[in-house]
Amino acid sequence: MASRWLALLWAPVFLCVALILETASGTGDPSTKAHGHIQFSAGSVNQTAMADCRAVCGLNTSDRCDFVRRNPDCRSEAGYLDYLEGIFCYFPPNLLPLAITLYVFWLLYLFLILGVTAAKFFCPNLSAISTNLKLSHNVAGVTFLAFGNGAPDIFSALVAFSDPRTAGLAIGALFGVLVTTVVAGGITILHPFMAASRPFLRDIAFYMVAVFLTFTALYLGRITLTWALGYLGLYVFYVVTVIICTWVYQRQRSRSLVHSISETPELLSESEEDQMSSNTNSYDYGDEYRPLLLGRETTVQILIQALNPLDYRKWRTQSISWRVLKVVKLPVEFLLLLTVPVVDPDKDDRNWKRPLNCLQLVISPLVLVLTLQSGVYGIYEIGGLLPVWAVVVIVGTALASVTFFATSNREPPRLHWLFAFLGFLTSALWINAAATEVVNILRSLGVIFRLSNTVLGLTLLAWGNSIGDAFSDFTLARQGYPRMAFSACFGGIIFNILVGVGLGCLLQIIRNHVVEVKLEPDGLLVWVLASALGLSLIFSLVSVPLQCFQLSKAYGLCLLLFYICFLVVVLLTEFGVIHLKKA
């Protein structure tokens, strides 16, 4: 029992393992180290140190390329591509709309990469890890699976917090106005239902506390080490609360099973959660990757079938739109199948593919060193002789050879579950690499259109990272599980805020050896966001109990209308129509 309680802390720990090497070796600005804090300006740059990169659009077209290349504010410290240099140096001015269009399409494809990696590779490995640790569905749901569902948001926030110029992206994207209004409202419109009273009040109370802490930190202008640890501690307290509530519900249900199982919504929600968690804890590879040939297969056949992301039988029965989307996803799925091992405890062979898994012992560690810190570690030469990537290939090849000759195609080895940890790390760094490019593109679009990072976080980043959650929650609602989908809207945001802000600031404090992270809100926009969040939560907290927790279509329409009004106010504030009067 003690080991299960300790395992509750593993989701944030795993995230630290995936990113701590990347952040710990970074060198902070010497000036910030001297003052003992990092200055995060959400959407602005210190004008005394460097010229604002947004000034590039006000220059003559002949001067823009030189300005972008010489101005330190226009450089990206992470990522593989320099998007500002690409758009101002390699595209002529008359093709600027074409360059922006290409960037938008690449941004959408990056969101697709984030979704595919999280859904088909990251979450299944987290599920396998939680299964091997023998965690219950409820405990796994608020730890590993919450981490899996929020992976794109968390990684995007960590990347954004790593650079003072993009901290506003995290502030705008993490706080869930879109999910708790548009997604939650859409669920109630699709399938009106009676909410589970105690879980709803519990989640919304923790959500309000998390938001209050965050905007208190913004008001104070700093996050200290104690404050960052407090975020993570509050999340642990939330997990413990869920465990206790689940134990109480199950105890009540066992005592009054005959009389109250059909009368108590809270108890029904728990049984429904168990049923749905069993369906969502792991991705079903049966339909998509089931072998077409029966009987004993050769090693080559196993490898070919394991690397095939397309089920031809399913292809013939699907719509044209599904086929088009599948064709777009094929390169991503093939690359991930080649580099990310997946352990599926629900299958008899636990998804053991001997030739592919042995190949992944070489490729996955190689991907790790080439994606960590954008490949800086991979090309580092040990003793001036061999680069790190070559050493990794040699060691991986030796380990793969031993595994290949010591195992068989038919039966997975005893230590096959360790591949889940390798798959977790590899998929986490794939997500981190894609999230880094997303943040860099959004910052480039902000420079071009002269938009603040807070607005970009509230719009493009929030929309892109919430697409997967919206589709999955709407699907659950259509299938008759609106209570489960509605609860996920609030539970996932709690994880995103507490872990995203807490871990993001904690890693920056460790990386730069400072005592605090200093925050400067992006003018009026952050307080508009705070007001909107507070009003939406108070509206739900008051209106839902007044409706006796019976959520109707009218409630959903009110949430959608609220988000539209909020977005209008944000845009009017951004373009100066709404502003504070100067004394």
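Start by selecting I578, which sits in the segment after α26 (553–574); helices here are DSSP runs of H or I with at least four residues, strands are E runs of at least two, and both are numbered from the N terminus. This is a predicted model, so local features need pLDDT of at least 70 and side-chain atom pairs count only at pLDDT 80 or more, while totals for chains, interfaces and linings use all residues. Numbering runs from 1 along each chain as its sequence is written, and side-chain values use heavy atoms, with hydrogens and water left out.

**The nonpolar patch**

Stay on I578: at 33% relative accessibility it counts as partly exposed. The cut-offs are under 20% relative accessible area for buried, over 50% for exposed and partly exposed in between, using a 1.4 Å probe and protein chains only. Now add I564, V568, V569, L571, L572, F575 and V577 to the selection, and you have a nonpolar surface patch with about 660 Å² of accessible area together. Patch members have over 30% relative accessible area and no salt bridge; nonpolar side chains (Val, Leu, Ile, Met, Phe, Trp, Tyr) are joined within 5 Å, like charges within 9 Å. Areas come from the Shrake-Rupley method with a 1.4 Å probe, and for residues only the protein chains shown count as cover.

**Zoom out**

How many helices and strands does the protein chain have? Colour by secondary structure and you should find 26 helices and seven strands. Of the chain's 583 residues, 53% count as buried. The protein chain exposes about 26200 Å², with carbon and sulfur atoms supplying 67% of that. For contacts (heavy atoms within 4.5 Å), residues 24 or more positions apart account for 79% of those with a separation of 6 or more.

**L338 and its neighbours**

Next, pick L338 in helix α19 (residues 320–339). Leaving out residues up to four places away in sequence, L338 touches L307, L356, L359, Q360 and I363. Try a distance label on the last of these: the C-alpha atoms of L338 and I363 are separated by 7.7 Å, with their positions 25 residues apart along the chain.

**Rings**

Show the aromatic side chains. The whole structure holds 15 aromatic pairs, a pair being rings of Phe, Tyr or Trp (its six-membered ring) with centres within 6.5 Å; planes under 30 degrees apart are stacked, over 60 edge-to-face and the rest tilted. Select Y83 and Y103: this pair is edge-to-face, 5.4 Å centre to centre with 85° between the planes. Y83 lies in helix α5 (residues 83–89) and Y103 in helix α6 (residues 96–132), so the pair ties together parts 20 residues apart in sequence. Both Y83 and Y103 are buried.

Hop over to W417 and F421, whose ring centres are 5.9 Å apart with planes at 75°, so this pair is edge-to-face. Here W417 is partly exposed at 35% relative accessible area, and F421 is partly exposed at 23%.

Which residues do ring pairs link into a cluster? Select F206, Y235, F237, Y238 and F495 to see it. For a charge over a ring, go to R354: its charged end sits over the ring of F404, 3.8 Å from the centre. The test is NZ of Lys or CZ of Arg within 6 Å of the ring centre and within 35 degrees of the ring normal.

**Salt bridges**

Seven salt bridges turn up across the structure, each a side-chain nitrogen of Lys or Arg within 4 Å of a carboxyl oxygen of Asp or Glu. Begin with R202, in helix α12 (residues 197–220). R202 meets D203 in a salt bridge, 3.1 Å from N to O. Is this pair buried or exposed? R202 is buried at 15% relative accessibility, and D203 is buried at 4%. Beyond four places in sequence, R202 touches Y238, T241, V242 and C245; Y238 also belongs to the ring cluster above.

Now try R70 and D66, with their closest N and O atoms 3.1 Å apart. Both lie in helix α4 (residues 61–70), four residues apart, about one turn of the helix. R70 is exposed at 61%, whereas D66 is partly exposed at 39%.

Then select R313 and D311, which form a salt bridge at 3.7 Å, N to O. R313 is partly exposed at 40%, but D311 is buried at 8%. Finish with K120, K326 and E333, joined into one network by salt bridges that share partners.
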